[in-house]
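These are my notebook entries on what I looked up in one structure. I kept to a few topics and took them one at a time.

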Amino acid sequence: MTDKPSLSKPIHLGQSSALPAHPQDAVLDYVPNPRPGKPYLVRFTAPEFTSLCPVTGQPDFAHIVIDYAPGETIVESKSLKLFLGSFRNHAAFHEDCTVGIGERLFAEMRPIWLRIGGYWYPRGGIPIDVFWQSDEPPAGLWLPPQDVPGYRGRG
């Protein structure tokens with residue numbers, strides 16, 4: 001890993017890009033932060049995230065919320081969508097998917113702060129919610145709640 005995130009020309013933006021077969025094959029693009037030095041929050045929400053159970057091969061569904069305070073770069077949204085979509089045929093436990101997404105974004109983008117909430121629908125009758133954050137949020141950062149209700153079943 002280099003000291004700074006790669007700021008080469010985005011390879012996905014404005015181009016036709018195929019869904020990567022595996023998360024490790026996905027290339028995330030980063031562009032310069034348009035407001036460096038100003039603390040602000042960026043939120044991405046993926047309400048239809050899917051992966052596969054590593055034991056049964058059955059599909060798993062989650063509502064993923066990613067919040068981060070940018071450093072020198074921001075993640076380009078199309079590349080993030082392709083990265084998240086690459087989990088569709090990836091077999092991993094909920095914890096591995098959620099924390100792995102957060103750790104990769106934090107390691108590559110190097111934001112000031114990042115958190116991810118994975119609100120997973122029931123597997124075996126039990127919903128599993130997974131949360132990870134890089135550290136304490138910066139002082140003064142407006143941090144709205146993720147507002148994803150816990151699983152309630154029908155009704």
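Entry 1, a term before I start. Strands are DSSP runs of E of at least two residues, numbered from the N terminus. With that settled, I could place D60, which is found in strand β3. I also noted that this is a predicted model, so I treat every value below as computed from it.

Entry 2, the active-site record. I looked up which positions carry the feature "active site", and the unreviewed UniProt entry places it at C53 and D60. C53 sits in the loop between β2 (42-52) and β3 (59-69).

Are these residues buried or exposed? C53 has a relative accessibility of 6%, so it counts as buried, the limit being under 20%. D60 is buried too, with a relative accessible area of 6%.

I then listed what each residue touches, leaving aside neighbours within four places in sequence. For C53, the contacts are Q58, D60, A91 and R123. For D60, I found F49, T50, S51, L52, C53, H94, W120 and R123. I noticed that C53 appears in the list for D60, and that D60 appears in the list for C53.

Entry 3, salt bridges. As background, I wrote down that side chains of opposite charge can pair when their charged atoms come close. How many salt bridges does the structure hold? My search result was 4.

I began with the residue I already knew. D60 forms a salt bridge with R123, and their closest N and O atoms are 2.2 Å apart. D60 lies in strand β3 and R123 in the loop between β5 (113-120) and β6, so this pair ties together parts that are 63 residues apart in sequence. R123 is partly exposed, with a relative accessible area of 22%, whereas D60 is buried at 6%.

Next I looked at R43, which forms a salt bridge with D67, the closest N and O atoms being 2.6 Å apart. Because R43 lies in strand β2 and D67 in strand β3, this pair ties together parts that are 24 residues apart in sequence. R43 counts as partly exposed at 31% relative accessibility, while D67 counts as buried at 0%.

My other entry here is the salt bridge between E108 and R104, with the closest N and O atoms 2.8 Å apart. Both residues lie in helix α2, where they are 4 residues apart, about one turn of the helix. E108 is partly exposed at 26% relative accessibility, and R104 is buried with a relative accessible area of 18%. I also recorded that salt bridges sharing partners join R43, D67 and R115 into one network.

Entry 4, aromatic pairs. I reminded myself that a pair of aromatic rings is described by the distance of the centres and the angle of the planes. Searching the whole structure gave 6 aromatic pairs. One of them is formed by F83 and F87, whose rings are 5.4 Å apart, centre to centre, with 75° between the planes, an edge-to-face arrangement. F83 is buried at a relative accessible area of 2%, and F87 is buried at 5%.

Why is the pair of F106 and W132 called edge-to-face? The planes of the two rings stand at 70°, with the centres 6.3 Å apart, and planes over 60 degrees apart count as edge-to-face, so the name follows. This pair links distant parts of the chain, with F106 in helix α2 (residues 94-109) and W132 in strand β6 (residues 129-133), 26 residues apart. F106 is partly exposed, with a relative accessible area of 30%.

I closed this search with a group: F49, F83, F87 and W120 form one aromatic cluster. Among the contacts of D60 I had already written F49 and W120.

Entry 5, the binding-site record. For the feature "binding site", the unreviewed UniProt entry lists V75, E76, S77, H94 and E95. These positions are spread over 21 residues of sequence, and they are also spread in space, up to 24.5 Å between C-alpha atoms.

I looked up two of them further. S77 has its place in helix α1 (residues 77-85), and at 31% relative accessibility it counts as partly exposed. E95 is found in helix α2 and is partly exposed as well, at 41% relative accessibility. Leaving aside neighbours within four places in sequence, E95 is in contact with G100, I128 and V130.

Key:
Residues are numbered from 1 along each chain as its sequence is written. This is a predicted model: local features need pLDDT of at least 70, side-chain atom pairs count only at pLDDT 80 or more; totals for chains, interfaces and linings use all residues. Side-chain values use heavy atoms; hydrogens and water are left out. Rings of Phe, Tyr and Trp (its six-membered ring) pair if their centres lie within 6.5 Å; planes under 30 degrees apart count as stacked, over 60 as edge-to-face and the rest as tilted. Buried means under 20% relative accessible area, exposed over 50%, partly exposed in between (1.4 Å probe, protein chains only). UniProt positions are given in the numbering used here, feature names are shortened, and annotations may be inferred rather than shown by experiment. Contact means heavy atoms within 4.5 Å. A salt bridge is a side-chain nitrogen of Lys or Arg within 4 Å of a carboxyl oxygen of Asp or Glu.
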